[in-house]
Amino acid sequence: MQHPILNLCSVFAVALTLVAAIPANAQTAPAATDEADFVVHPWVVPSSRSAETYFTNLKDGATLETPFVARFGLSMRGLVPAGKTAGRAGHHHLLVNQALPLDFKKPLPFTDQYIHFGKGQMEMVINLPPGNYDLRLLLADQGHIPYFVYSKPLKVTISKQNKTVTPASVQGAPRVELLSPADRETVKPPFQVQFHASGYNVSHAAPKLADTGHFRLTVERAGRKAEVLNFTGGQTETWLNPPPGDYTMRLELVSNTAGNSVMSASKPSSVSVAAR
């Protein structure tokens, strides 16, 4: 589907429940207002950042050719499509050459500079003409009224627009991925685990919306029972503090309506957790 300015990926965002328990070695507890966005698991610790949106694959000051895929991250909150309420979950908006709104009590407009991801998408294909641009992400509720959850402005330079390249060829096949940690990476706890879904819609599980799913992370180690974390609140990241050792992680997108069937799964990823 092509937007007048941007080619919009048909991406389903995936629901994910950021689980936060506070083990003895956890650093700080989540604020009281954030507790509803967490469930308890002994390996999960609060995020080191406050609630915010961010780009997982773009760097400030980058020079790029279009079309390219911009991927969205979200800390301390979950995703839910527009028109639906589930806790403090929301949906992404991309602001192009626009500052944050002066009035956070008014709904965001539908224009070429305010791109709505009302299905819970986690990415889009950007196909801007050459020039300099400020890009910013902003989370909003069911009525497109923004939360105070947003990204820093990202400055990018578009050096060339490849008009013969199709958005579908840039986006690739629908899939689920573990963005971090990288396969075979050695990390020190606590460490961030980032989820991503391309070509799928995502939602907090509570509204039970067709064609949406939530993330489920399975963490295994030899000789021990697998730990299964269900992120039913639409979250797309978590922070883990497991014991030192070698682990295998698998990410799945689980349907919110079709009997918890798996819509897509990532390749297994190995990670070594070093001692603190």
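What is the volume of the largest pocket? In this predicted model, the volume of the largest pocket is about 300 Å³. The pocket is lined by 14 residues, and those closest to its centre are Thr53, Tyr54, Phe55, Lys152 and Leu154. By class, the lining divides into five nonpolar, four polar and five charged residues. Strand 2 supplies the largest share of this lining, with four residues.

The chain around this pocket has 276 residues, of which 53% are buried. Its secondary structure consists of one helix and 20 strands. Among contacts with a separation of 6 or more, 72% are between residues 24 or more positions apart.

Strand 2 is a convenient place to begin, since it has already come up with the pocket lining. Strand 2 belongs to an open sheet of three strands, in the order 2-4-7, and the pairing in this sheet is antiparallel. Two of its members are edge strands, strand 2 at residues 52-55 and strand 7 at residues 123-126, and each of these pairs on one side only. Between neighbouring strands of the sheet the average turn is 25°, with direction ignored. Strand 4 covers residues 68-75, and four bridges join it to strand 2 in an antiparallel arrangement. Within this pair, Phe55 has Phe72 of strand 4 opposite it. Phe55 is also one of the residues closest to the centre of the largest pocket.

Several residues from these parts of the chain come together at His92. This histidine is in strand 5, which spans residues 91-96. Is His92 buried or exposed? His92 counts as buried because its relative accessibility is 1%, and the cut-off for a buried residue is under 20%. Leaving aside residues up to four places away in sequence, the contacts of His92 include Thr53, Phe72, Gly73 and Leu74. His92 also touches Leu79, Ile115, His116, Phe117 and Gln121, as well as Leu138 and Leu139. Of these partners, Thr53 is among the residues closest to the centre of the largest pocket, and Phe72 is the residue opposite Phe55.

Further along the chain there is another open sheet of three strands. Its order is 11-13-17, again with antiparallel pairing. Here the edge strands are strand 11, residues 175-180, and strand 17, and each pairs on one side only. The twist from one strand to the next averages 25°. Strand 13, residues 191-198, pairs with strand 17 in the antiparallel sense over four bridges. In that pairing, Phe191 stands opposite Leu240 of strand 17.

Two cis peptide bonds can be placed relative to strands 11, 12 and 13. One joins Ser180 and Pro181, with omega about 0°. Pro181 sits in the loop that leads from strand 11 to strand 12, the latter at residues 185-187. Another cis peptide bond joins Pro189 and Pro190, with omega about -5°. Pro190 is found in the loop between strand 12 and strand 13.

The loops on either side of strand 17 each hold a buried residue. Thr236 is in the loop between strand 16 (227-231) and strand 17 (237-240). Its relative accessible area is 4%, so Thr236 is buried. In sequence Thr236 and Gly78 are 158 residues apart, yet the distance between their C-alpha atoms is 6.9 Å. Asn241 is in the loop between strand 17 and strand 18 (245-255). With a relative accessibility of 7%, Asn241 counts as buried. The C-alpha atoms of Asn241 and Pro46 are separated by 10.0 Å, although these positions lie 195 residues apart along the chain as a separation.

Finally, two loop residues have unusual backbone angles to check. His144 is not a glycine, but its phi is positive, about 65°. The residue is in the loop between strand 8 (131-140) and strand 9 (146-150). At 15% relative accessibility His144 counts as buried. Asp211 likewise has a positive phi, near 60°, in a residue other than glycine. Its place is the loop between strand 14 (201-202) and strand 15 (212-220). Is Asp211 buried or exposed? Asp211 is exposed because its relative accessible area is 54%, and the cut-off for exposed is over 50%.

Conventions. Residues are numbered from 1 along each chain as its sequence is written. This is a predicted model: local features need pLDDT of at least 70, side-chain atom pairs count only at pLDDT 80 or more; totals for chains, interfaces and linings use all residues. Side-chain values use heavy atoms; hydrogens and water are left out. Two strands pair if DSSP finds at least two bridges between them. Axes are lines fitted to C-alpha atoms, for helices over the stretch in contact, and angles run from 0 to 180 degrees between N-to-C directions. Buried means under 20% relative accessible area, exposed over 50%, partly exposed in between (1.4 Å probe, protein chains only). Contact means heavy atoms within 4.5 Å. On a 1 Å grid over the protein atoms alone, a cavity is a set of points where a 1.4 Å probe fits but cannot get out, and a pocket is an open set with protein on both sides within 12 Å along at least five of seven lines; lining residues have an atom within 4 Å of a point. Grid points are joined across faces, edges and corners, and a volume is the space filled by probe spheres set on the points. Ala, Val, Leu, Ile, Met, Phe, Trp, Tyr, Cys and Pro count as nonpolar, Asp, Glu, Lys and Arg as charged, and the others, Gly among them, as polar.
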